[in-house]
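Hi everyone, thanks for making time for this. Have the viewer open if you can, and we'll walk through the fold together.

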Amino acid sequence: MNLFFLRKYKAMFFATIALLCLLTAVVAACNLLVASYGTYTHDSLESLPEAYCALVLGTAKWLPGGRENQYYLNRIKAAAQVYHAGKCKKIVVSGDNRSTRYNEPKFMREDLLKLGVKGEDIICDFAGIRTLDSVIRFKKVFGQESGIVISQRFHNSRAIYVARHNGMDLVGYNAEDVSRYSGIKTKLREVLSKFFCVLDVHVLHTQPRHLGEPIKV
């Protein structure tokens, strides 16, 4: 290999390293920015302000191995706590509804009923394909410009970031997290989710895949 090609590949190598470092810094900055919105969340019912409606963010009830998803169970438990404490009057359960066998809002509704939440106080959002969709639909379809979002803290901070950049006054109630070992895949995925959250809000100006007619809550 002559000197010209050696210099060329060396320059390409250092350019690639520089690009990776820049990308890492941008992803880290986005994560810190979105995570800072965790200050709008609450760990205790006592400090949580009252709101007319709460939004429960969906996730799979069952894991691939057949075990129940602890993230899901903790969110349902938290939603029931918020409702029974009188912190909200209505609950919108928002999630994916990709097939008759995979229907997050249906499962959430059934499990909230088992915990004593009245059926007339549960509204299903079957088009909450992504967190961004759930949050913006909460305003544009269900008419709620303020409210309580219920999920784990890392997820709530992302939902609130989307909300507050779309003219919504959401606060979060933090469901119990899962063990660090059990949730490691989710935490790693969340790193990219926060990056794409900033990209969606400020660069792509992403809107929900589905909107439709307003639904009275």
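Let's begin at one side chain, Thr186, which touches Tyr71 and Phe154 once you set aside residues up to four places away in sequence. This is a predicted model, by the way, so please hear everything I say in that light. Where does Thr186 sit? Its place is in helix α6. Is Thr186 buried or exposed? Its relative accessible area is 17%, and with the cut-off for buried at under 20%, Thr186 counts as buried.

From there, let's move on to the helix pair that Thr186 belongs to. Helix α5, residues 153-164, and helix α6, residues 184-204, have axes that come within 10 Å and cross at roughly 5°. That angle makes α5 roughly parallel to α6. On the α5 side, the contact is made by Phe154, Ser157, Arg158, Tyr161 and Val162. On the α6 side there is a longer list to click through: Thr186, Lys187, Glu190, Ser193, Lys194, Cys197, Val198, Val201 and His202. If you look at the numbering while you click, remember that an α-helix has 3.6 residues a turn, so residues three or four places apart point the same way. By class, the contact of α5 with α6 is mixed, with six nonpolar, four polar and four charged residues.

Now for another helix pair. At what angle do α2 and α3 pack? Helix α2, residues 70-84, and helix α3, residues 104-114, meet at about 50°, with their axes 10 Å apart. The two are therefore oblique to each other, and α2 passes α3 in a right-handed crossing. From α2, the contact uses Tyr72, Ile76, Ala79 and Ala80, while α3 brings Phe107, Met108, Asp111 and Leu112. Here the classes come out as seven nonpolar, no polar and one charged.

On to the sheet. Six strands form an open sheet with parallel pairing, and the order to trace on screen is β1-β6-β5-β2-β3-β4. Which strands stand at the edges? Those are β1 (41-42) and β4 (122-125), each with a single partner strand, so one side of each has no neighbour in the sheet. Strand β3, residues 90-94, pairs with β4 in the parallel sense over four bridges, and you can find Val93 opposite Cys124 in β4.

What packs on this sheet? Helix α4 does, touching β2 (53-57), β3, β4, β5 (146-151) and β6 (169-174), and its direction makes about 165° with that of β2. Helix α5, which we met earlier, also packs on the sheet: α5 touches β1, β2, β5 and β6, and its direction makes about 175° with that of β6.

Let me stay with β3 for a moment. β2 and β3 pair in the parallel sense over five bridges, and Leu57 stands opposite Ser94 in β3. How many of the residues of β3 are buried? Five of its five. Both faces are covered, with Lys90, Val92 and Ser94 on one side and Ile91 and Val93 on the other.

Last stop, back to α4, residues 131-140. This helix is mostly covered, with eight of its ten residues buried. Those are Thr131, Leu132, Asp133, Ser134, Val135, Ile136, Arg137 and Phe138.

That's my tour, and I'm happy to take questions.

How values were computed:
Residues numbered from 1 in each chain as written. Predicted model: local features only at pLDDT ≥ 70, side-chain atom pairs only at ≥ 80, totals over all residues. Heavy atoms only, no water. Buried < 20%, exposed > 50% of the residue type's maximum accessible area, 1.4 Å probe, protein only. Axes fitted to C-alpha atoms, helices over the stretch in contact; angles between N-to-C directions. Parallel < 35°, antiparallel > 145°, perpendicular 65-115°, else oblique. Left-handed = near helix turned anticlockwise from the far one by under 90°. Contact = heavy atoms within 4.5 Å. Nonpolar A, V, L, I, M, F, W, Y, C, P; charged D, E, K, R; others polar. Pairing = 2+ DSSP bridges.
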